[in-house]
Every structure is written in C-alpha cells, then in structure tokens.
Amino acid sequence: MNAFQETTVVIPPSRRMLDLQAKPVAPALRTPASAQEPPKLQVEKLDAWYGKTHALHGVNLVVPPRSVMAAIGPSGCGKSTFLRCLNRMHELIPGARAEGTLLLDGQNLLGRDVDPVSLRRRVGMVFQRPNPFPTLSIRDNVAAGLKLNGIGGNHDEIVERTLRQSALWDEVKDRLAASALSLSGGQQQRLCIARALAVEPEVLLMDEPASALDPIATAKIEDLIHELKSRYTILIVTHNMQQAARVSDQTAFFYMGDLIEVGPTEKIFTNPSEKRTEDYVTGKFG
Amino acid sequence: MNRLRWRKGVNAFWTMMSGAAVLAAVLPLASLLWLVISHGAPGLTPGFFTSLPTPVGEPGGGVGNAIVGTFFMVGIASLLALPVGIGAGIFLAEKGDGKLGSVVRFTSEVLSGVPSIVIGIVAYGLVVARMKHFSALAGGVALALLMVPSLARSTEEFIRLVPSALREASLALGVPAWKTSLRVILRTAMGGIVTAVLLAVARAAGETAPLLFTALNNQYWNTDPLQPTASLTVQIYNYAISPYEDWHQKAWTAALVLLLLVGLLNFAARFLSRNRLQGAPR
C-alpha cells in the first residue's frame, strides 16, 4: 500500500466560493465550528471490484458536513465507482462488490445488516444524464420518491419548496402538470435534483451532473450547488477541473483506482503534494 | 457520363423491381379485402349484429350470439392469460438472465410454435374430457394457451426497452426493487404492453381450430361459462361448409364482421404503440 493512502488529511471546508484565481483562504477565515463537528462521511479502506477487476484500492477520506467535495481524475480512475459505493448503487451491477468501512454519521453503511434501500433515502443521487420519469408530470416527478416510498405530508408544498431550492420553480410553476419531457435538458437535470431533494437526503451525490448540459445550464447547476451546500453534504464527480475548482471546498484526485490526494481545493489546484496531482491539474496528462 | 447513365438505369430498374415486390405483397391483401367486403357487405344489416341465427331459408337472422360468444371467450382467455403472460414477461426481463430464464424462454418459444389445433386438443383433454361437456371455459382455456407465450415475449421486449437510467433513478430514491419494477418500469412499458395485449386478443379472436371441439357452438345466447358457446369463427366455418347458398352469404358477412373486429383491434394497437416511450431518455 502506498504511503499517501494511509494519511487522511482532514481540513475544515471553506465557506468561501473558490476560484482558481481566488487567494488562498486565511486560516482565520475558516469556520472552526464545522471543523469540530464530527464528519458526515468517513471512508476507511474502501475497496471495490467489478468481478475480478479491482477498481478501487483502499480509499480513505473524510467529508465534513455541509461541504462540497469534488472527485476528479481521468476516465476509468474509479471516481464514479467511489461515488456509487456511497449509496450502494455499485453493488447493483452483476458481479460488483465493495468492502471496507463507510461511516455516515458514525454508522457503517456497508454492513450486512444495513438495508441499502433505506440508506438510499439518506444519500440521494443525481446522474450524468437527466433521467426524469417520462410518463409522469413535472409535479409527479418531484413527488415520485415520496409517493413510491409512501411518505406522507403536503406533497404540493414539498414540490414547491424543492423546485425553489433547485431554482426551477419560476420556470415551471405554471405548468406543473406538463410532461417532464417538455423541459430542456438543463431544466430536466434541475428537476432531477429537486426529485432527489424531495425525499430529504442528508448527502447528495452528483455524478457529472453537468456533463450533458450547455454552459448556461451548467452555470445554473453550479450556482445551485453553492445554494445547497448550506443544508446538504455534497459529493460531485466531474471531468471539468474548472468546475471542481469553482464548486468544491475539498478535492479528491483519483488515478487508476487509487485516491492519490485529497485536500482543500485551493491546495490541490495551486500547491498539490503529489507530483501526479500536479501533472493532472496542470494538464500534463488526463 | 456513360457510367452515370448506366447507374441511373440500374437504379430505375431496381426501383421498379422493389415497387413490383410491394405490389405483389399488397395485392393479395387488397383482393382479400375486396372479396370479403363485396360478398359480405350486402348482408350487413343492424339485425345481423343483434339477432340469433335462423334455420336455412328463413330470412333475417344474424350472428349476435356468436359476436357475444367471441367476446365472452376472449374475455375468459384474457383473464387467464394476462396475469400469467405479463407476469412471465416481467420475470424474463428482470430475472431472466439465469438458467431458469432460458428454460422459460425456450418453453414459451416452443409453446408459441405449437399448432392451434393441437392447443385445442390439449384444452379438450384438460377441460372437456373431465367435465364431460363442451364449454366456453374450455374455449377460453384453449385461447389463453395461445396468448400466453406471445404475451410473455412481447412484455419482456417492452420492459427491456425501458432505459436502465429510470431504474437507477428510482432505486437511488430509496425505492425497493420490487416497487421499482412494478411502478416505474412496468408503468413506463405499459403503452407497449397494452399494444401487445391488443394484438394477442386480436389473434385469439380470429382463431377457429382451438374452439372447434372445446366451445363447440350454440344456436342461442349463452353467457354461462360452463355451456357450449358460439363464436364468430366457428360460425363462419359451419356456414361455409354447409351446402346452402343462404348460409354461404351469411358466412361472408360474418367474415366481414370478424375482419372489422380484428382490424379495429390492430388499428388501436398501432395507434397506442405510436406514442409509447416517446422521448424517453436514451
């Protein structure tokens, strides 16, 4: 095992929106409160396989609550696999399995006695391509998780709240009964975010949520991530390094199934500890 | 220039050939329609749909009881075949990758290749021989045996057409797998499955052989599943093999009614299948 895998760096997330040009945040500006909070998600020695292929090798990292962590790395590096382990969607693929410790609020998620179905209500997911239910209206798409899970409450109110949270309300409030397919791709993706939020998850996983969208729709999704950060813990996989720099507090760099480095985003992009991270973020490969 | 002219000539030749092939394919259908309509239409009166058959030579009379009987037996068959066929289709699509799946798939393929007269004999043995009399139930069982394999296969096909992204979306919301299958996947595939059901019903409605020695026939109204029952197809058969000109005429008209019925079902299936899965995510 490599040395860097064993050192897990926990660094409090910055509340500031970061950009590549932004100055490194002074330690005093960091919010010590969240640093003292127990981590939302703690991953220890996570291994994942597809059949005989060893796709993730002993990943260790910690995600503080109400922060955004971006996972970057070249195609096939294991970042999506990592994300899909967190809500146990990985094991749905025939032959796929995961081992290790995955603590959500201190509770192990990979235990045999943990029901993946109830886990997925706590860890929501947004996919690469917008995937609204084609036979349902806009309203019913948002309420789908509530209805299918038999969750009561005022659905109309939840639909409005989550559509507002996902910055879609003003665009669709007059046509909630229209088919979800009448929306544009970017709107559909925000609808899918609203749908994921409606079941009130604690963690939101986003698997390249903007890669199928145009720049304007992408900007809206990124703004949305900033908004959602105040309430949710977000992990986002992205191919776009600028995007990772813009939206995340911490960045994890994966390469060939290894977690090479994880740390505050500005450090990863300006002063990484690992040569391979530097080569990747400066565009020497990948 | 010469080559261009040559290629244009070749193109024109093959365009004509394929046009001729289309004509050859459409001509039998057109002539069949023309024959049935021209022979059948004169006898098509409102009374034909509502009255009982009359003896030879007596004017009037119709196939009202046979129309009702066909609907009745297709209804019984659907009641038996839909749960089994659609259920098997769901199984094949969701869990059909293992050994059991391939056995079920092979069995349904063999079953769909069994001649309908053999299906009739099976239903005779299963129902008629045991109950000691012909019945609508026996006819329904025979038609159901015909419907199950095609229903299972087309249900499987339509479920497999549903993008896996929708299954993932539902599972990621914390919806259990069984609920995802029934309320997300099946619902999305429903348009296609309804089409498959209509086509299976249309096919069953047009079958004669399985009914000949199961439901037999009946000159009167019958809605008792345990009694022999008339059907359009058997009625057409009986009229057509009779020596009477009067009954031949009725056979043509009954054939036209059957054709309209089956055509309507096919048309409805077409119409429904047009917007199934329209615009679903890739």
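Let's start at one residue of this predicted model: Leu41(A), which stands opposite Leu104(A) in strand 4 of chain A. On another side of the pairing, Leu41(A) also has Val63(A) opposite, in strand 2 of chain A. Leu41(A) is thus a handy place from which to follow two strand pairings.

Take the pairing with strand 4 to begin with. Strand 1 (residues 41–50) of chain A is joined to strand 4 (residues 96–104) by eight bridges, and the two run antiparallel. Strand 1 is also antiparallel to strand 2 (residues 53–63) of chain A, here through seven bridges. Strands 1 and 2 of chain A make a hairpin, with two residues between them. If you look into that turn, you will find Gly51(A) with a positive phi of about 60 degrees. As general background, the strands of a sheet pair through backbone hydrogen bonds, in either the parallel or the antiparallel sense.

Now step back to chain A as a whole. Its 286 residues are 57% buried, and the chain has 12 helices and 10 strands. Of the contacts in chain A with a separation of 6 or more, 68% are between residues 24 or more positions apart.

Another part of chain A to look at is an open sheet of six strands, in the order 6-7-8-3-9-10, with mixed pairing. Strand 6 (123–126) and strand 10 (258–264) of chain A are its edges, each pairing on one side only. On average, neighbouring strands of this sheet are turned by 15 degrees against each other, ignoring direction. Inside the order, strand 3 (residues 68–72) and strand 8 (residues 233–237) of chain A pair in the parallel sense, over four bridges. One residue to pick out there is Ala70(A), whose bridge partner in strand 8 of chain A is Ile236(A).

Which helix packs on this sheet and touches strand 3, strand 6, strand 7, strand 8 and strand 9 of chain A? The answer is helix 3 (residues 79–86) of chain A, whose direction makes about 150 degrees with that of strand 8 of chain A. Helix 9 (residues 215–228) of chain A lies across strand 3, strand 7 and strand 8 of chain A, and it runs at about 150 degrees to strand 8 of chain A.

Next comes the meeting of the two chains. There, 21 residues of chain B are in contact with 27 residues of chain A. Between them the chains bury about 1900 Å², of which 65% is on carbon and sulfur atoms. On the chain B side, Glu168(B), Ala172(B) and Leu173(B) lose the most area to chain A, together 30% of what that side buries. The count of salt bridges between the chains is one: the side chains of Arg84(A) and Glu168(B) meet at 2.5 Å, N to O. Five residue pairs are in polar contact across this interface. Helix 7 (164–172) and helix 8 (177–205) of chain B each supply at least two residues of the side that touches chain A, and the largest share, seven residues, comes from helix 7 of chain B.

Helix 7 of chain B deserves a second look. Its buried residues are Leu166(B), Ala169(B), Ser170(B), Leu171(B) and Ala172(B). Their cover includes helix 4 (116–122), strand 6, helix 5 (138–148) and helix 8 (185–198) of chain A, together with helix 8 of chain B. After helix 7 of chain B comes Gly174(B), whose phi is positive, near 85 degrees.

Finally, here are two residues within chain B. Is Thr229(B), in the loop between helix 9 (209–212) and helix 10 of chain B, buried or exposed? Thr229(B) is buried, because its relative accessible area is 1%, and the cut-off for buried is under 20%. The side chain of Thr229(B) is joined to that of Asn222(B) by a polar contact of 2.7 Å. Leaving aside neighbours within four places in sequence, the contacts of Thr229(B) include Gly69(B), Met73(B) and Ala136(B).

Tyr239(B) lies in helix 10 (residues 232–241) of chain B, and Tyr239(B) is buried too, with a relative accessible area of 3%. Not counting residues up to four places away in sequence, Tyr239(B) touches several residues, among them Pro53(B), Val63(B) and Trp247(B).

Note on methods: Residues are numbered from 1 along each chain as its sequence is written. Chains are lettered from A and ligands numbered from 1 in the order in which they are written. This is a predicted model: local features need pLDDT of at least 70, side-chain atom pairs count only at pLDDT 80 or more; totals for chains, interfaces and linings use all residues. Side-chain values use heavy atoms; hydrogens and water are left out. Two strands pair if DSSP finds at least two bridges between them. Axes are lines fitted to C-alpha atoms, for helices over the stretch in contact, and angles run from 0 to 180 degrees between N-to-C directions. Contact means heavy atoms within 4.5 Å. Buried means under 20% relative accessible area, exposed over 50%, partly exposed in between (1.4 Å probe, protein chains only). Buried area is the accessible area (1.4 Å probe) that two parts lose on being put together, summed over both. A salt bridge is a side-chain nitrogen of Lys or Arg within 4 Å of a carboxyl oxygen of Asp or Glu. A polar contact is a pair of N or O atoms within 3.5 Å; within protein, one must be able to donate a hydrogen and the other to accept it, and residues adjacent in sequence count only if both atoms are side-chain atoms.
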